[in-house]
Amino acid sequence: MTASRLLRGIGAHAAITEDGFTPGAFVLSIGGAEQSHVDLARPEEIFYEYLRRMGNVLDLAAAPGQPLRALHLGAGALTLTRYLQATRPGSEQVAVELERELLDFVLAHLPLPEGTHLETVIGDARESLDRFAGRQFDAVVLDIFAGADAPGHLTTAEFYAELARLLSPDGVLLVNVGDDPPLAFARRQIRELLAGLAAAGCSDGDVAALGPADMFTGRYPGNIVLAATPFGWPEEWTRSLLAAGPHPAAVLTGEELDVFAS
């Protein structure tokens, strides 16, 4: 299957093509660049490394199989939405996407698993937060930007504080940060996220940075996943995430994280 659609909001074409190596899997590209990978036959399998790391954190967010309340800022091909439905059936999920045409295109050609509970919201990730006043989420996933070209209003301590206030007491905030050497943007986002937790009143809040081990040398481009919690980061989570990979994996917390972020 090959399908395409012009996204008039950004003036680029979106295309969905079959993954030639994995039957039942598809790739979403925007403007010719691969953006998402979806395995319809096995939604619990995640192809992209950074999303796999996010999935591994979501595995720790509650007892196995327990449904989560999840807010996804940036829909893409809804890979993690599908993952949560596969691993935690009955999860109540919300996806916020700026491009209505992209969301319609994805849902038309890559339908969600039967039984998925998904509320969709079209709008800016930050401007849409008011509608969630009074609600709490067990997981908030921000997967919108990459590098220094990110929309400025989505990269501040103030924004991260707004997200932290939406977390349940046991919730987790996941942020995908793509960057190029020397990773100045990623380092700044760690500082902003820590400041956001403090501003939200999470006195015990903590942040961990996950990625390929060589990413933290600052010499390579790629993705770092930031995981923030309103409680102290559990050491057993670090052990679990290092074991889960993808390998070679690194999880920076505490002093190691401070040194990297400085």
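The following conversation walks through a predicted model, covering its sheet, two of its helices, one loop residue and some salt bridges.

Trainee: Let us start with the sheet. How many strands form it, and in what order?
Mentor: Eight strands form an open sheet, and the order is β7-β6-β5-β8-β9-β11-β10-β12. The pairing in this sheet is mixed.

Trainee: What holds strands together in a sheet, in general?
Mentor: Strands of a sheet pair through backbone hydrogen bonds, and the pairing is either parallel or antiparallel.

Trainee: Which strands are at the edges here?
Mentor: The edge strands are β7, residues 117–122, and β12, residues 249–252. Each of them pairs on one side only.

Trainee: What is the average twist from one strand to the next?
Mentor: The twist averages 15° from one strand to the next.

Trainee: Could we look at one pair closely? How do β5 and β6 run, parallel or antiparallel?
Mentor: Strand β5 (residues 69–73) and strand β6 (residues 92–97) run parallel, and five bridges join them.

Trainee: And which residue in β6 is the bridge partner of L71?
Mentor: The bridge partner of L71 in β6 is V94.

Trainee: On to helices. Which strands does α5 lie across?
Mentor: Helix α5, residues 184–199, lies across β9 (167–179), β10 (206–212) and β11 (222–229). Its direction makes an angle of about 165° with β9.

Trainee: What about α7?
Mentor: Helix α7, residues 254–261, lies across β10, β11 and β12. Relative to β12, helix α7 runs at about 95°.

Trainee: New topic: where is T22?
Mentor: T22 is found in the loop between β2 (12–18) and β3 (25–30).

Trainee: Why does T22 count as partly exposed?
Mentor: Its relative accessibility is 23%, so T22 counts as partly exposed. Partly exposed covers values between the 20% limit for buried and the 50% limit for exposed.

Trainee: Which residues does T22 touch, apart from its sequence neighbours?
Mentor: Leaving aside neighbours within four places in sequence, T22 is in contact with D39 and R42.

Trainee: How far apart are T22 and D149?
Mentor: T22 and D149 are 33 Å apart in space, C-alpha to C-alpha, and 127 residues apart in sequence.

Trainee: Now salt bridges. How many does the whole structure have?
Mentor: A search of the whole structure finds seven salt bridges. One of them joins R8 and E101, with the closest N and O atoms 2.5 Å apart. R8 lies in the loop between β1 (2–7) and β2 and E101 in helix α3 (residues 100–109), so this pair ties together parts that are 93 residues apart in sequence.

Trainee: Is each partner buried or exposed?
Mentor: R8 counts as exposed because its relative accessibility is 64%. E101 is buried, with a relative accessible area of 12%.

Trainee: Which residue forms a salt bridge with R53?
Mentor: R53 meets E49 in a salt bridge, at 3.4 Å from N to O. The two residues are four apart in helix α1 (residues 49–60), so about one helical turn separates them. R53 counts as buried at 4% relative accessibility, whereas E49 is partly exposed at 40%.

Trainee: What about D138?
Mentor: D138 forms a salt bridge with R69, and their closest N and O atoms are 2.9 Å apart. This pair links distant parts of the chain, 69 residues apart: D138 is in strand β8 (residues 137–142) and R69 in strand β5. D138 is buried, with a relative accessible area of 14%, while R69 counts as partly exposed at 35%.

Terms used:
Residues are numbered from 1 along each chain as its sequence is written. This is a predicted model: local features need pLDDT of at least 70, side-chain atom pairs count only at pLDDT 80 or more; totals for chains, interfaces and linings use all residues. Side-chain values use heavy atoms; hydrogens and water are left out. Two strands pair if DSSP finds at least two bridges between them. Axes are lines fitted to C-alpha atoms, for helices over the stretch in contact, and angles run from 0 to 180 degrees between N-to-C directions. Contact means heavy atoms within 4.5 Å. Buried means under 20% relative accessible area, exposed over 50%, partly exposed in between (1.4 Å probe, protein chains only). A salt bridge is a side-chain nitrogen of Lys or Arg within 4 Å of a carboxyl oxygen of Asp or Glu.
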